[in-house]
Amino acid sequence: MNLKGKTIILAVSGGIAAYKSAELTRLFKKEGADVWVVMTKSAKEFVSPLTFETLSGNRVYSEMFVDSSIFNLQSSISMPHIDLAKMCDLFIVAPATANIIGKFANGIADDLLSTFYLSVTSPVLIAPAMNNNMYANPVVQENIKKLKGFNINFVEPGFGELACGDKGEGRLAELDIIMSRAKELLSNPPMPPFATSPSPPLDGGEKGEVKGGRKMGLEGKTVLVTAGPTHEAIDPVRFISNLSSGKMGYAVASAARRRGANVILISGPTSLPVPSGVRFISIKSASDMRREILKEVKKADVIIMTAAVSDFTPENYSDKKIKKEANEGITVKLKKNPDILSEITSKLRNPQSAIRNPIIVGFALETDDIIKNAKEKLKEKELDFIVANSVNGFGGDQNKVTIIGRKGNLDDIPLMSKDAIAEIILDKVVSKD
Ligand code: CTP
C-alpha cells in the first residue's frame with residue numbers, strides 16, 4: 001500500500017526501543033507518508049530529536065506551546081496538541097511505556113503527548129515496550145484492557161531477550177508487524193477511538209469475548225499460518241508436488257486477520273490472491289518452508305500448519321534440464337524431508353526454552369484410519385489440536401473435517417466451506433478447548 005497523502009503522527013516515549021522508532025520513521029517515509037514525530041521528555045534522553053527531524057523532514061514536537069516566530073517553517077502549528085491532531089490519519093505510539101499507557105488510560109494530560117492523545121480522533125495504534133515484569137503487572141494489563149475498550153489498537157510486544165538482560169514478553173513488536181498493522185488501519189479504518197457504538201471494533205476483542213456472534217480474541221496476537229503444497233525440484237523445469245490448493249490456509253489467515261491478529265502467512269505455490277493485511281512469505285520447497293518458519297516462529301502466539309509439506313525430496317538436483325535423448329528412462333531417488341512441525345514443537349515445548357509456548361494446530365491428511373492416525377500425529381507432534389481430513393477435501397472450496405483436541409475431545413464438523421471451518425478452528429484456539 002502506498003502511503004502517499006497519509007499523515008502519521010508517531011509518538012516516541014522514553015524507552016530503549018526509542019532507537020527503533022527512527023527506523024520506523026524512515027520506513028513510513030519511504031512508503032510516501034508524511035511523518036510528524038512527538039517525543040516525551042524522557043524519549044529525548046534516548047534519541048536526539050534531530051535524528052527524527054532529519055528522517056521525517058518535519059519539526060519534532062515535545063512542548064505544549066511553541067513560539068512560532070522562532071521557526072519560520074511550519075509556523076501554522078502553534079498549538080501542536082490541536083494542530084497536529086487535525087492533520088492526523090493515524091496516531092502511532094512506539095515504543096509506548098507503562099507510564100504513557102497509564103496516562104492515556106486515566107485521562108492524565110500533563111505533557112504534549114498525553115494531551116495530544118485526548119484531542120486525536122484518528123485511529124490509534126499502540127506498541128508497548130518495557131521490562132517483562134512491568135508488562136505483566138496487573139495495573140499495566142488493566143490499563144491496556146481499558147484502552148482496548150475505547151477501540152485503541154495494540155501491537156503486542158514480542159518475547160525474548162530484553163535490553164535490561166531479562167527474558168520475557170516486553171520487546172517492541174517487530175517493525176514489519178507494526179508497519180503492516182498501520183497499513184491495515186489506514187486502508188480500512190476501524191471505529192474511531194472512544195466511539196461507543198454497540199457494534200464490534202474491527203480489530204477484535206478480549207480473549208474469548210463474543211463480538212458480533214463470534215469469539216474474537218486474537219487482537220494483537222501473532223498467528224503464523226502455513227499453506228499450500230511444496231515443490232521439490234528435480235531439475236530447473238520439473239518438480240514433485242501434491243494437489244494442495246492452499247485454500248484452507250488462506251481462509252485461516254484471512255479469518256485470523258479479521259479477528260485482529262498480526263498474521264504471517266508462509267505459503268507454497270498457489271494461484272490464490274494474498275489476503276489483505278497479512279505478511280506474506282512465498283516459498284517453494286519444504287526446506288524453504290522450514291527456513292522461513294524457523295525465522296518467524298519465535299514471534300508466534302498461535303501456529304496453524306495447514307501446508308501439505310512434501311515428505312520426500314529428490315536426493316540429487318540436476319541444475320541442467322534432464323534431456324530425453326540421453327536417457328531411456330530415469331530413476332529419481334527420494335530422501336526424506338525434515339518434519340518441520342515435529343522439529344518446531346520439540347523446540348517450543350521445551351520448558352528450558354526462552355520462547356513462548358504457542359498454541360499449535362496441525363493438519364492430518366489421511367486416506368485410511370483417519371481418526372486413529374490423526375490422534376497419533378496429535379500426540380507425536382505435541383499439538384494442541386489436529387484437524388483430520390481425507391484427501392477428498394483437496395482443491396475444493398468445502399471440506400469435511402474432524403477436530404481433535406489434546407484432551408481427546410473430538411468434534412465432527414459436517415461438510416462446510418473452508419472459510420467456516422477456519423472460524424471454527426480459531427474459536428477453538430481462542431477458547432483452547
Ligand atoms: N508436516 C510438516 N513437515 C513435514 C510433513 C508434514 O510440518 N515434512 C506437517 C503438516 O503441515 C501437517 C502435519 O505435519 O500439519 C501432518 O502432515 P501429514 O502429511 O498429514 O502427516 P505426516 O507427518 O507427513 O505423516 P504421513 O505423511 O506419514 O501421514
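Select arginine 349 to begin, which sits in the loop between helix H12 (340-348) and strand E18, where helices (H or I, at least four residues) and strands (E, at least two) are DSSP runs numbered from the N terminus. This is a predicted model, in which local features need pLDDT of at least 70, side-chain atom pairs count only at pLDDT 80 or more, and totals for chains, interfaces and linings use all residues. Residues are numbered from 1 along each chain as its sequence is written, and side-chain values use heavy atoms, with hydrogens and water left out.

Is arginine 349 buried or exposed? Its relative accessibility is 14%, so arginine 349 counts as buried; buried means under 20% relative accessible area, exposed over 50%, and partly exposed in between, with a 1.4 Å probe and protein chains only. Displaying its surroundings brings up Asn357, Pro358, Ile360, Glu382, Leu383, Asp384 and Arg406, which arginine 349 touches when residues up to four places away in sequence are not counted, contact meaning heavy atoms within 4.5 Å. With aspartate 384 the arginine 349 side chain makes a side-chain polar contact at 2.8 Å (a pair of N or O atoms within 3.5 Å; within protein, one must be able to donate a hydrogen and the other to accept it, and residues adjacent in sequence count only if both atoms are side-chain atoms).

Next, select the sheet that contains E18: 8 strands form an open, mixed sheet in the order E14-E13-E10-E15-E18-E19-E20-E21, two strands being paired if DSSP finds at least two bridges between them. Its edges are E14 (279-282) and E21 (410-417), each of which pairs on one side only. Neighbouring strands here are turned by 15° against each other on average, direction ignored; axes are lines fitted to C-alpha atoms, for helices over the stretch in contact, and angles run from 0 to 180 degrees between N-to-C directions.

Within this sheet, strand E15 (residues 302-305) runs parallel to E18 (residues 359-366) and is joined to that strand by 4 bridges, with isoleucine 303 standing opposite isoleucine 360. Add helix H13 (residues 370-380), which packs on the sheet, touching E18, E19 (385-390), E20 (398-405) and E21, its direction making about 150° with that of E19. At the E14 edge, Arg279 and Ile281 form the covered face, whereas Phe280 and Ser282 form the uncovered one.

Now move to the other open sheet, whose 5 strands follow the order E2-E1-E3-E4-E5 with parallel pairing. E2 and E5 (153-154) stand at its edges with a single partner strand each, so one side of each is left without a neighbour in the sheet. Between E3 and E4 there are 4 bridges, and phenylalanine 91 has valine 124 in E4 as its bridge partner. Helix H6 lies across E1, E2, E3 and E4 at about 145° to E3, and 6 of the 8 residues of this helix (112-119) are buried.

Select Phe28, Ile92 and Ile178 next: these have the most contacts inside the largest nonpolar core, a group of 34 residues (a nonpolar core is a set of buried Ala, Val, Leu, Ile, Met, Phe, Trp, Tyr and Cys residues joined through side-chain atoms within 4.5 Å). Helix H9 gives the most to this core, with 7 residues.

Finally, colour by pLDDT, the predictor's confidence in each residue, from 0 to 100. The protein's mean is 88, and 90% of its residues reach 70 or more, but pLDDT stays under 50 over residues 196-215.
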